[in-house]
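Trainee: I would like to go through the labels used for a structure and check each one against its cut-off.
Mentor: Then ask, and each value will be set against its definition.

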Amino acid sequence: KQWYQRRVRGLSYVRLVVVMAFTNKIGAALLFLQILTIGSGSDIARYCQKKTSVATLSCPAGKSLYVYNAFAGAKLNVEGCSEKSNQFCWEAVTSEIVARCNGMESCTFYTSGRKYSAVRNEWQCYGLDGNYYIDVEYACT
């Protein structure tokens, strides 16, 4: 499995996942491409539980939010954000943030990992209260 990321015609990023499988009988290669458009001008915003319990994500007037990915936890020690971490405490919370934000001009959501079941149910995230943060990759469209 190999990952490639390329800028396509200056408009958007495309991530290609290439998987090659060889068969013994015909020696042919099967190539599968999964194309995931990451979006033109996407940004990543980080919100720290230590600084605020509720975060607001917003777009200029007339634009709406499109969330590509969101992850919560305390994967790294981040200055001013988390002094305590566990490299395995990093869980996808995309569906919760998409449900709150996609199509809206602005939205609010919690910065504490304990508010998201994926983080709350991950034993490697126990004991990190006060050190959680959330990263959201989004675009205003």
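The exchange below takes up the elements, the sheet and the salt bridges in turn.

Mentor: Before the labels, note that this is a predicted model, in which local features need pLDDT of at least 70, side-chain atom pairs count only at pLDDT 80 or more, and totals for chains, interfaces and linings use all residues. Residues are numbered from 1 along each chain as its sequence is written, and side-chain values use heavy atoms, with hydrogens and water left out.

Trainee: How many helices and strands are there in the protein chain, and in what order do the elements run?
Mentor: The protein chain has two helices and nine strands. From the N terminus the order is β-β-β-β-β-β-β-α-β-α-β. The elements are DSSP runs numbered from the N terminus: helices are H or I with at least four residues, strands are E with at least two.

Trainee: What makes strand 6 and strand 9 a pair?
Mentor: Two strands pair if DSSP finds at least two bridges between them. Strand 6 (residues 65–73) and strand 9 (residues 133–140) have eight bridges, in the antiparallel sense, so by the definition they pair. Among the partners, Ala72 stands opposite Ile134, and Phe71 has Asp135 as its bridge partner.

Trainee: How do you know that strand 6 and strand 7 pair?
Mentor: There are three bridges between them, again antiparallel, and Gly73 of this pairing stands opposite Trp90 in strand 7.

Trainee: Which strands form the open sheet, and which are its edge strands?
Mentor: Four strands form the sheet in the order 4-9-6-7, with antiparallel pairing. Strand 4 (43–48) and strand 7 (90–92) are the edge strands, since each pairs on one side only. Helix 1 (residues 94–101) lies across strand 6, strand 7 and strand 9, at about 140° to strand 6. Such angles run from 0 to 180 degrees between N-to-C directions, with axes fitted to C-alpha atoms, for helices over the stretch in contact; contact means heavy atoms within 4.5 Å.

Trainee: Why is the link between Asp135 and Arg46 called a salt bridge?
Mentor: The term requires a side-chain nitrogen of Lys or Arg within 4 Å of a carboxyl oxygen of Asp or Glu. For Asp135 and Arg46 the N to O distance is 2.8 Å, so the pair meets the definition. Asp135 lies in strand 9 and Arg46 in strand 4, so the salt bridge ties together parts 89 residues apart in sequence.

Trainee: Why is Asp135 called buried, and what is Arg46?
Mentor: Buried means under 20% relative accessible area, exposed over 50%, and partly exposed in between (1.4 Å probe, protein chains only). Asp135 is at 13% and therefore buried; Arg46, at 38%, is partly exposed. In the protein chain, buried residues make up 35% of the 141 residues.

Trainee: How many salt bridges does the search of the whole structure find?
Mentor: Three. Glu83 and Lys50 meet at 3.2 Å, N to O. Glu83 lies in the loop between strand 6 and strand 7 and Lys50 in the loop between strand 4 and strand 5 (54–58), so this pair ties together parts 33 residues apart in sequence. Glu83 counts as exposed at 54%, and Lys50 as partly exposed at 43%.

Trainee: What makes Arg114 and Asp129 a salt bridge?
Mentor: Their closest N and O atoms are 3.5 Å apart. Arg114 is partly exposed at 42%, as is Asp129 at 45%.
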